[in-house]
Amino acid sequence: MPTDKARRQQLRQEHRPENIARRLQQPPEPRRLSDLVLGAIDGCITTFAIVCGAYGAGFPSSVVVVMGIANLIADGFSMAVSNYEAVGAEQHFFESARRTEEQHIELVPEGEREEIRQIFAAKGFRGESLELIVNTVTSDRRLWVDTMLQEEYGLSRVFPNAFASAWWTFIAFVVVGLIPLTPFLFSGLTQTQEFVGSALLAGAVFFAIGLVKGVVNRTSRLRSAFRTFLLGGGAATLAFCVGYLLRQAFNF
């Protein structure tokens, strides 16, 4: 870990005027972490839940493999489509809000100026400074609209690519979701050994995903790892209990 002195020196270098200008001119990089984590966690939880439910119900290993792989493809595709539609809906809402604000500025410009004035007054600006900001913002139509979208609606002009979000969600779902199924793909193991192996792999996956989240988000790694582990384990336990209770109720 860098010392405080080294970190301070690095930050000073990053905050030199030319470096700040260069950084601000670059378009924001898309963050794929949320798509990957969403797909990975859901893929592992869903697949291991099938393993637990089938094992609790006493189904043979072949049923676990068929149900698991079929679910991976179907649910992975469903999640990808849902993510695609969610990003698209957010983009449509942004465009609709932009058209609304452009219309308001055209029809009631003084009312929109007053909104800008009150927005920045709430931030602590007063007197000549406030009027200078209002005049600066409202003199540029694009800046005016963008400011209203950000301050009034809480919207940003930066959106993830809908197709890329869907693709990475699907890939993470399928790849990580396959991990709990791997013990069932090898012959020579008893069903109990397959289940234990699947449980160990799933637990390791949940823990690893939590660690990655902690590193990227700069939060406590162990806390993030245990939280993800407990969430995944809780879902799997519920699936096992449901399978076991249904087995007892209907004599599978």
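**Entry 1: Arg-99**

I began with Arg-99, which I located in helix α4. The model I am reading is a predicted one. I asked whether Arg-99 is buried or exposed. Its relative accessibility is 54%, so Arg-99 counts as exposed. I then looked up a partner from elsewhere in the sequence and took Val-145, 46 residues from Arg-99. From C-alpha to C-alpha the two are 9.1 Å apart in space.

**Entry 2: the largest core**

I turned next to the nonpolar cores. The largest of them has 27 residues. I noted the members with the most contacts inside this core: Cys-44, Phe-48, Val-51, Cys-52, Val-64 and Ile-209. Which helices each supply at least two residues of the core? I listed α3 (33–57), α4 (61–107), α8 (162–178), α9 (191–217) and α10 (221–250). The greatest contribution comes from α3, which gives eleven residues.

I also recorded a second core, separate from the one above and made up of 15 residues. Phe-120, Ile-133, Val-145 and Met-148 are included in this second core. Val-145 is thus the residue I had already paired with Arg-99 in my opening entry.

**Entry 3: Cys-44 and Ala-202**

I examined Cys-44 in more detail. Setting aside residues up to four places away in sequence, I found that Cys-44 touches Val-176, Gly-177, Pro-180, Ala-202, Val-205 and Phe-206. Its relative accessible area is 0%, and Cys-44 is therefore buried.

From that list I followed Ala-202, which I found in helix α9. Ala-202 has a relative accessible area of 0%, so this residue is buried. Its contacts, without neighbours within four places in sequence, are Cys-44, Phe-48 and Pro-180. For Pro-180 I also noted the spacing: its C-alpha atom is separated from that of Ala-202 by 5.5 Å, with their positions 22 residues apart along the chain.

**Entry 4: cysteines**

How many disulfides does the structure hold? I recorded zero. Why does Cys-44 not form a bond with the closest cysteine sulfur? That sulfur belongs to Cys-52 and is 10 Å from the sulfur of Cys-44, which is too far for a bond; the cut-off for a disulfide is within 2.5 Å. I checked Cys-241 as well and found that this residue is in no disulfide. The nearest cysteine sulfur to Cys-241 is again that of Cys-52, 9.3 Å away. Cys-241 has a relative accessibility of 38% and so counts as partly exposed.

**Entry 5: α3 against α8**

I then considered how α3 and α8 meet. Their axes come within 7 Å and cross at roughly 35 degrees. I noted the crossing of α3 past α8 as right-handed. On the α3 side, the residues in contact include Asp-35, Leu-36, Gly-39, Ala-40 and Cys-44. On the α8 side, I noted among others Trp-168, Ala-172, Phe-173, Val-176 and Gly-177. I sorted the residues of this contact by character and obtained seven nonpolar, seven polar and two charged.

**Entry 6: Leu-245**

My last residue was Leu-245, found in helix α10. Is Leu-245 buried or exposed? With a relative accessible area of 57%, Leu-245 is exposed. I closed with its spacing to Gly-53: the two residues are 192 residues apart along the chain, and their C-alpha atoms are separated by 9.8 Å.

Note on methods: Residues numbered from 1 in each chain as written. Predicted model: local features only at pLDDT ≥ 70, side-chain atom pairs only at ≥ 80, totals over all residues. Heavy atoms only, no water. Core = buried A, V, L, I, M, F, W, Y, C linked by side-chain atoms within 4.5 Å. Buried < 20%, exposed > 50% of the residue type's maximum accessible area, 1.4 Å probe, protein only. Helix = DSSP H or I, 4+ residues; strand = E, 2+ residues; numbered from the N terminus. Contact = heavy atoms within 4.5 Å. Axes fitted to C-alpha atoms, helices over the stretch in contact; angles between N-to-C directions. Left-handed = near helix turned anticlockwise from the far one by under 90°. Nonpolar A, V, L, I, M, F, W, Y, C, P; charged D, E, K, R; others polar.
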